[in-house]
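The following paragraphs walk through how some helices pack against each other and where the enclosed and open spaces lie. Keep the structure in view while reading.

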Amino acid sequence: SGFNSIGHMDTMQRRRHHIGHYKEGEEFIQNAFQVLFMLFSGKEKSNLSACWLQYEISKIIQCLQTKRKKKLKVQGRKSKKLAKNLLKAPDNRNHLSLWKLYAYLEWLLGNIDDARKVFDTALSTAGTGGVKNPQLCSLSLLYAQLELELLESLEGAVMSRAVHILTKLAENGPYVPYSGQVVSVNILKARKTYDHEVQDYLNKISAANQDQVSDSNQLVNLVGCYALFQYLTVGIDAAVLIYAQASEKLEVPDPKNCENPGENLAVPNFPAALEELSVLHTNLLRFHMKISVYPLGPLREALAAALKRHPHNLALWRSYVLAQRKSHSASKARRFFDGITRSARSLEPWLFAIRAEQMRKTLIDTVQRADVGEVHATIPETGLTNRIIALFEHAVQSENGTHCPLLWRMYLYFLV
């Protein structure tokens with residue numbers, strides 16, 4: 001029985017009742033966590049608690065995606081009870097990462113006011129340190145991102161709760177909960193602080209000071225906070241500019257394009273930070289397109305550039321496929337997929353290339369069969385079918401594809 005009905009063909013459709021964990025598998029995971037919990041202490045125990053909460057959050061997200069309200073209610077009660085018990089442990093009371101996860105859990109369950117109280121309490125008790133405190137930075141970024149998603153337009157965003165959170169972070173003083181307005185002078189001071197801190201951090205990324213920049217997560221949170229602050233107070237172009245500057249500093253020049261390849265060996269590489277910044281950048285562009293009129297071009301370009309650097313990133317591929325669905329022409333996307341699958345060794349480009357074509361086929365099939373019931377179109381769409389089969393054939397011949405059960409199951413399911 002295990003965790004999931006992985007071997008069965010009917011799960012390829014991901015029907016609602018197939019999503020989630022089987023009872024025995026879930027019991028095993030809970031037992032494993034409980035046993036491990038008794039073996040650790042101190043920082044390790046706190047880290048394990050964070051893992052446990054992240055696992056609970058993944059189940060909540062699963063319930064939200066499948067729109068199972070009853071399951072969500074039951075799961076929400078269990079997860080909240082566990083979160084409160086974990087936070088009662090003496091080692092965890094001042095662990096900001098855990099408070100952050102608990103607040104996020106409340107937010108996902110729709111308890112916005114309760115989540116805000118948890119965020120505010122955590123920020124108030126965290127003390128000072130401002131943008132130099134990595135955990136404070138991370139907590140403020142998530143809080144501001146969640147508040148941003150509640151905005152329906154950018155009108156009056158300067159006075160929003162998100163701006164208050166980011167301004168207070170830059171002030172480096174004790175946190176005061178949002179009272180309904182933000183002082184303009186504080187916004188100007190905060191912008192200066194962010195600009196100075198980000199530039200200072202990026203300047204450290206040189207061969208001489210390589211050891212000073214040990215925490216790439218702090219850089220991501222700092223740039224994320226500044227970009228979000230600029231987006232809410234100035235606009236989308238100002239935010240994009242910050243991501244562009246940071247990415248430029250983090251990118252390592254390609255040795256093939258250099259006259260003296262040896263010169264670039266000293267440049268430290270921050271691949272994880274660059275990848276996370278690419279995700280934040282593209283997510284912000286997607287959000288902006290949702291709440292205002294904005295061209296698709298910048299998002300496409302940003303995704304294409306990011307995917308050439310990180311062809312294994314699922315979040316970026318999902319965004320790319322969703323963005324391409326808005327386009328009537330498939331040729332651009334096909335050329336892009338073709339280029340990536342030739343050069344990248346990872347399997348994700350193949351899987352997403354196939355998925356994009358399957359989505360296009362589903363769309364065409366529904367249009368051709370509209371209002372006719374079960375009567376099929378007189379001219380079947382064979383071109384796309386042949387194209388998908390060809391993609392499968394090439395994918396299963398690749399080094400990683402040959403050994404990928406998912407790919408073979410998808411191929412069999414498509415042929416059936």
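In this predicted model, a good place to begin is the pair α7 and α9, whose axes are 10 Å apart and which pack at an angle of about 135°. That angle makes α7 oblique to α9, since an angle has to be over 145 degrees to count as roughly antiparallel. The crossing of these two helices is left-handed. On the α7 side the contact is made by A162, V163, L166, T167 and L169. Their partners in α9 are C225, L228, F229, L232 and T233. By class, eight residues of this contact are nonpolar and two are polar, with no charged residue.

Helix α7, which covers residues 161-171, also borders an enclosed space. Searching the whole structure for cavities of 30 Å³ or more gives one. The largest cavity holds about 90 Å³ of space. Both α6 and α7 supply at least two residues each to its lining, and the largest share, three residues, comes from α7. L169, already met in the contact with α9, is one of the lining residues, as are I165 and K168. The rest of the lining includes L123, L136 and S140, together with N172, G173, P174 and Y175; G127 and G130 also belong to it. Sorted by class, the lining of this cavity has six nonpolar residues, five polar residues and one charged residue.

Next come the contacts of α4. Helix α4 spans residues 96-108 and α5 spans residues 112-125. Their axes lie 7 Å apart, and the packing angle is about 165°. The two helices are therefore roughly antiparallel to each other, and they cross in a left-handed sense. L96, W99, K100, Y102, A103, Y104, E106 and W107 are the α4 residues in this contact. They meet I112, D114, A115, R116, V118, F119 and A122 of α5. Eleven of the residues in the contact are nonpolar and four are charged, while none is polar.

Helix α4 also packs against α2, at an angle of about 15° and with the axes 10 Å apart. These two helices are therefore roughly parallel to each other. Here too the crossing is left-handed. From α2, the residues in contact are S46, S49, A50, L53, Q54, I57, I60, I61 and L64; from α4, they are L98, L101, Y102, Y104, L105 and L108. This contact has twelve nonpolar and three polar residues, and no charged ones. Y102 and Y104 take part in the contact with α2 and are also listed in the contact with α5.

Several of these helices come together again at an open space. The second largest pocket contains about 1600 Å³ of space. Its lining has 43 residues, and those closest to the centre are K100, Y104, L142, Q145 and L280. K100 and Y104 are also among the α4 residues that meet α5. Which helices each supply at least two residues of this lining? They are α2 (42-65), α4, α6 (134-150), α9 (216-233) and α11 (271-291). The largest share, ten residues, comes from α6. The lining divides into 22 nonpolar, 14 polar and seven charged residues.

Seen together, α6 supplies residues to the lining of the largest cavity and to that of the second largest pocket. Helix α9 meets α7 and also supplies part of the pocket lining. Helix α4 touches α5 and α2, and contributes to the pocket lining as well.

Notes: Residues numbered from 1 in each chain as written. Predicted model: local features only at pLDDT ≥ 70, side-chain atom pairs only at ≥ 80, totals over all residues. Heavy atoms only, no water. Axes fitted to C-alpha atoms, helices over the stretch in contact; angles between N-to-C directions. Helix = DSSP H or I, 4+ residues; strand = E, 2+ residues; numbered from the N terminus. Parallel < 35°, antiparallel > 145°, perpendicular 65-115°, else oblique. Left-handed = near helix turned anticlockwise from the far one by under 90°. Contact = heavy atoms within 4.5 Å. Nonpolar A, V, L, I, M, F, W, Y, C, P; charged D, E, K, R; others polar. 1 Å grid on protein atoms, 1.4 Å probe; cavity = no way out; pocket = protein on both sides within 12 Å on 5 of 7 lines; lining within 4 Å. Points joined across faces, edges and corners; volume = space filled by probe spheres on them.
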